[in-house]
Amino acid sequence: FAPWPEVETEMHALIAVSDHPSEVAFDTARALHRAGRLDEALSAYRESFAQHGASDGRSEFELIEGILLTSTELGRLDEAEAELRGVLDVDANFPWALETLGAVCAQQGNSEEALALTERAHVVTPWSYTVVGQLAALRERAGDRKGADALLETLGTGEAYGASTGLCIFH
């Protein structure tokens, strides 16, 4: 990859002539992200979100996900938290935002809010093994071993699709 100023200049040149400017910025962000150039990827993800239009193929969820994943990888949990709270201001029951904000709160040591958010995510998506694993871990952390065990039973041996992810999150 070229240095960021050159990549950014090229990205903006392509955005100027593209029918789908958000896609140009998103693809740039993904490439930078994969290359481990996280600060630059975050800038490109934010550009993609700024350029997003109704005709673009990406959902706003995918754009926000890129921003959140990169922010958390950079250790900027406060930025990820702010983005997630913004999503929940628009849709208070958006399961992915509830689950992810629960995980961010847990990483910040705010176990009580993490548990409440993850419980809300579980109400909306009781079939989500990732939510089940996260909720079981948070219940165990809160001293509710019986509640954690009941959730873990739903994951079984981990062979069902997604159950192994739930078990990994628990442990």
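The legends below describe close-up views of a predicted model.

**Figure 1. Overview of an all-helix chain order, α-α-α-α-α-α-α-α-α-α from the N terminus.** The predicted protein has 10 helices and 0 strands. Its C-alpha trace spans about 60 × 30 × 30 Å along the principal axes. Of its 171 residues, 42% count as buried. Among contacts with a separation of 6 or more, 49% join residues 24 or more positions apart.

**Figure 2. The largest nonpolar core, with 26 residues.** Leu84, Leu88, Leu101 and Leu117 touch the most other members of this core. Six helices are named here, each supplying at least two core residues: H4 (60-73), H5 (77-90), H6 (95-107), H7 (111-124), H8 (129-141) and H9 (145-155). H6 gives the largest share, 6 residues. A separate core of 15 residues lies apart from this one. Ile15, Leu32, Leu63 and Ile67 are among the members of that other core.

**Figure 3. Close-up of Leu84 and its contacts beyond four places in sequence.** Leu84 belongs to the largest nonpolar core, and is one of the four residues there that touch the most other members. With neighbours within four places in sequence left aside, its contacts are Leu68, Trp96, Ala97, Thr100, Leu101 and Val104. Leu101, one of these partners, is also named among the residues with the most contacts to other core members.

**Figure 4. Helix H1 (residues 4-17) packed with helix H2 (residues 21-34).** The two axes are 8 Å apart and meet at an angle of about 155 degrees. Angles over 145 degrees count as roughly antiparallel, so H1 is roughly antiparallel to H2. The crossing of H1 and H2 is right-handed. From H1, the contact uses Trp4, Val7, Met11, Leu14 and Ile15. From H2, the partners are Pro21, Val24, Ala25, Thr28 and Leu32. The residues of this contact comprise 9 nonpolar, 1 polar and no charged. Ile15 and Leu32, shown here at the contact, are also members of the 15-residue core.

**Figure 5. The contact of helix H8 with helix H9.** The axes of H8 and H9 come within 8 Å and cross at roughly 160 degrees. This angle makes H8 roughly antiparallel to H9. The crossing of H8 and H9 is left-handed. H8 contributes Tyr129, Val132, Gly133, Leu135, Ala136, Arg139 and Glu140. Facing them in H9 are Arg145, Gly147, Ala148, Leu151, Leu152, Thr154 and Leu155. By class, the contact residues are 8 nonpolar, 3 polar and 3 charged. Both helices also supply at least two residues each to the largest nonpolar core.

**Figure 6. Ala92 in the loop between H5 and H6.** The relative accessibility of Ala92 is 40%. Partly exposed covers values between the buried limit of 20% and the exposed limit of 50%, so Ala92 counts as partly exposed. Not counting residues up to four places away in sequence, Ala92 touches Leu98 and Arg120. Arg120 is 28 residues from Ala92 along the chain. The C-alpha atoms of Ala92 and Arg120 are separated by 9.7 Å.

Definitions and conventions
Residues numbered from 1 in each chain as written. Predicted model: local features only at pLDDT ≥ 70, side-chain atom pairs only at ≥ 80, totals over all residues. Heavy atoms only, no water. Core = buried A, V, L, I, M, F, W, Y, C linked by side-chain atoms within 4.5 Å. Buried < 20%, exposed > 50% of the residue type's maximum accessible area, 1.4 Å probe, protein only. Helix = DSSP H or I, 4+ residues; strand = E, 2+ residues; numbered from the N terminus. Contact = heavy atoms within 4.5 Å. Axes fitted to C-alpha atoms, helices over the stretch in contact; angles between N-to-C directions. Parallel < 35°, antiparallel > 145°, perpendicular 65-115°, else oblique. Left-handed = near helix turned anticlockwise from the far one by under 90°. Nonpolar A, V, L, I, M, F, W, Y, C, P; charged D, E, K, R; others polar.
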